[in-house]
Amino acid sequence: MNFKIRAATKEDCKEISRMILELAVFEKMPDQVKISHEELERDGFCQNPFFECLVAEVPEENKSKEGNGIGKGLLSKVAEVGKKKQCVRLQLSVLDWNTPARDFYAAKGALDLTDSEGWHFIRFDNQNLDHLANEAPKD
């Protein structure tokens with residue numbers, strides 16, 4: 001397979017935004033997407049970016065083929081970047097019904113902490129996040 005993994009640029013944000021929505025549709029959660037390509041541009045390419053992003057440059061004729069190694073390549077590159085930044089763990093969220101993804105990560109050595117340690121991901125968002133923030137002690 002012929003592809004290249006590189007750091008995303010501001011010009012990639014429209015395509016990144018499209019892929020975020022495509023993933024949300026696959027996960028049956030399109031209403032959960034709350035970020036625009038403008039926000040990605042602002043937050044990822046400012047003086048102190050909130051995130052980093054990698055993209056795979058893939059020839060058009062190979063984009064729809066499964067088993068092409070792009071997912072493994074991206075995951076491995078994320079691990080390499082993390083190790084260079086002295087990260088000690090890579091943590092992912094996977095829906096319980098997404099068996100192919102869970103199997104893929106397990107084959108690479110990932111541990112399912114829900115099964116092995118009983119960890120659950122907890123989220124505050126929207127109104128609940130607002131309520132929690134409003135309860136903060138005042139300075």
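## Asp43 and its surroundings

Asp43 sits in helix H2, which covers residues 37-44. In this predicted model, Asp43 is buried because its relative accessible area is 13%, below the 20% cut-off for that class. Its neighbours are worth a look in your viewer. The side chain of Asp43 forms a polar contact with the side chain of Arg42, at 2.7 Å.

Leaving aside residues up to four places away in sequence, Asp43 touches Pro49, Phe50 and Phe51. One of these, Phe50, comes up again below as a partner in a distance to Glu80.

## Glu80 in helix H3

Moving along the chain, Glu80 is part of helix H3, residues 70-84. Is Glu80 buried or exposed, or something in between? Glu80 counts as partly exposed because its relative accessible area is 35%, which falls between the 20% and 50% limits.

The side chain of Glu80 has a polar contact as well: it pairs with the side chain of Lys77 at 2.8 Å. If you want a sense of how Glu80 is placed relative to Phe50, the two residues are 30 positions apart along the chain, and their C-alpha atoms are separated by 19 Å.

## The annotated span

For residues 66-106, the UniProt record, an unreviewed entry, gives the feature "domain: N-acetyltransferase". In the model, this span is 56% helix and 0% strand. The C-alpha atoms at its two ends lie 18 Å apart.

## Two residues with positive phi

Most residues other than glycine have a negative phi. With that in mind, here are two residues to check on your backbone plot.

Gln86 is not a glycine, yet its phi is positive, near 65°. You will find Gln86 in the loop between H3 and helix H4, the latter spanning 99-107. Gln86 is classed as exposed because its relative accessible area is 70%, over the 50% cut-off.

Which phi does Asn126 have? The value is positive, about 50°, although Asn126 is not a glycine either. Unlike the loop position of Gln86, the place of Asn126 is in a helix, H6, made up of residues 126-134. Asn126 is also exposed, because its relative accessible area of 51% is over the 50% limit.

Key:
Residues numbered from 1 in each chain as written. Predicted model: local features only at pLDDT ≥ 70, side-chain atom pairs only at ≥ 80, totals over all residues. Heavy atoms only, no water. Helix = DSSP H or I, 4+ residues; strand = E, 2+ residues; numbered from the N terminus. Buried < 20%, exposed > 50% of the residue type's maximum accessible area, 1.4 Å probe, protein only. Polar contact = N/O pair within 3.5 Å; in protein donor to acceptor, adjacent residues only side chain to side chain. UniProt positions renumbered as here; feature names shortened; annotations may be inferred. Contact = heavy atoms within 4.5 Å.
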